[in-house]
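This report is meant for someone meeting the structure for the first time. It looks at one sheet and then at one pocket.

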Amino acid sequence: MNRLSEATLDRLPSFVRRPAPRPAPRVVHLGIGAFHRAHQAVVFDDLGWGVTGASLRSPAVRKAMVPQDCLYSLVVGEEVRVIGAVRDVLLASDALTEALAAPETDIVTLTVTEKGYLPDPSGKGAADFLAAALKLRHARGIAPFTAISCDNLPENGRRLREAVLAASDPDTADWIAREGAFPQTMVDRIVPATEEADIDALAARTGLVDRAMVKAEPFLQWVIEDRFAGPRPDFAAAGVQLTAEIAPWEDAKLRLLNGAHSAIAYLGALAGLDFVHEVIAVPAYARFVAALWDEVDATLSPPPGLDIAAYRRALMARFANPGLQHRTRQIAMDGSQKLPQRLLAPIAARLERDQPIAALALAVAGWMRWQSGRTDAGEAFIVDDPLAAEMARRIAGLSNPAEQAKALIGIDAIFPPRLAADPRFAEAVARQLARLATLGARRTIEEFRP
Ligand code: CS2
């Protein structure tokens, strides 16, 4: 069967939406995974701004996209749309630095995952490329680009700015501090990893093989802090919200959506439930998620225009979508990098006001039990996390839940000192971990009472 490409576009059946004439690149995106292709790239496609993508770690996306002229399909339910905004995919190379330094590049977006903001000892991390390119722009008299971190981290703009300044020489750093812009953002769309079966199913419908397709839910939200160093597209025309204050949006999304996602992932996968919609279909799990949200609610100061009750109802429906096939194990990945903003921050906020934390503590205990590398049925799996080795070392040989909890809470890269020292936290988590060990995740959830 033929591959999707410019040359085969006109063979697509008529239900497939074709791309507009392909736009010239004005954006460079670092970390061109499925999330970018189903989120920012779609917005830039709507706005007629082309994207040069880059993968810093793996040639897989380049290998999938370049033979198809970087065209790919976005599949949302029954709808298929070919996106033409991406014009090239580069690897970590001088060509990438030059693309970032090019005067046409007005915006740089990033999805390098939570762990992409850890210092990179090789000097070849995202911040290093940005710093090298900004140095060239400064030397060549070109204004800085606006750099937009689109990762699920609070204050993602500040983190990126600090990483880029740290990777720059003092002269360049001064200039970046004066002229650069690193707006904060909140991004939202559920994008499960593409599987071979998805590629086969799409090929059966369209008659062309697309090795770069992505599947996503209909929902898409992007809120950007209104602070740019230079030109930008008419974001509002594509439904992107520009705002002065992003933190309330970030907190609501990270704690309600992502916090529940992580809880569902660990407590569902431990019980042998493979997909988010399967977990949510079990009434006791849905009740537990509601209890978790009741705890989180009190820690939020929602932005004007965000109705939390309506947001929660919509989230429950999004999680229940059976068409997405979103794997609990995909979300369980990199938990050490996700826990602080998703679960630990609301726990700390509640403890400050002396409020109970049973549901949040059960979610943290689920993450802890996951680190043992066995489901409740005894099936072994590999813990996919940058801190996996350290966590395994800490709990090796410990069978008592209170000791296991204590050993993990001692990792200061995950647990802030104040929380780690709070006996209310350690006790609540150890209690839930003990229940998980004796009852298994499913019965613990069934018997959970807030
Ligand atoms: C998920 C997110 O994998 C995960 O950690 O919680 O990717 C989530 O699907 C997105 O943030 C939704 O916007």
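## A sheet and a pocket

In this predicted model, three strands come together as an open sheet whose order is β4-β3-β9, with mixed pairing. The edges of that sheet are formed by β4 (79-83) and β9 (214-215), each of which pairs on one side only. Between β3 and β4, which run antiparallel, there are five bridges, and within this part of the sheet S73 stands opposite V82 in β4. Helix α2, made of residues 40-47, lies across β3 and β4 and runs at about 75 degrees to β4.

The strand β3 also takes part in the second largest pocket, since this strand (72-76) and helix α8 (196-206) each supply at least two residues of the lining. The space in the second largest pocket comes to about 290 Å³, and of the 16 residues that line the pocket, V75, G77, D198, K215 and G323 are the closest to its centre. Helix α8 gives the most to this lining, contributing four residues. The table sets out the lining of the second largest pocket by class.

| Class of lining residue | Number in the second largest pocket |
|---|---|
| Nonpolar | eight residues |
| Polar | three residues |
| Charged | five residues |

Where does the second largest pocket lie with respect to domain 1 and domain 2? Both domain 1 (6-243) and domain 2 (247-447) give residues to the lining, and therefore the second largest pocket lies between them.

Definitions and conventions. Residues are numbered from 1 along each chain as its sequence is written. This is a predicted model: local features need pLDDT of at least 70, side-chain atom pairs count only at pLDDT 80 or more; totals for chains, interfaces and linings use all residues. Side-chain values use heavy atoms; hydrogens and water are left out. On a 1 Å grid over the protein atoms alone, a cavity is a set of points where a 1.4 Å probe fits but cannot get out, and a pocket is an open set with protein on both sides within 12 Å along at least five of seven lines; lining residues have an atom within 4 Å of a point. Grid points are joined across faces, edges and corners, and a volume is the space filled by probe spheres set on the points. Ala, Val, Leu, Ile, Met, Phe, Trp, Tyr, Cys and Pro count as nonpolar, Asp, Glu, Lys and Arg as charged, and the others, Gly among them, as polar. Domain bounds come from an automatic or database domain assignment. Two strands pair if DSSP finds at least two bridges between them. Contact means heavy atoms within 4.5 Å. Axes are lines fitted to C-alpha atoms, for helices over the stretch in contact, and angles run from 0 to 180 degrees between N-to-C directions.
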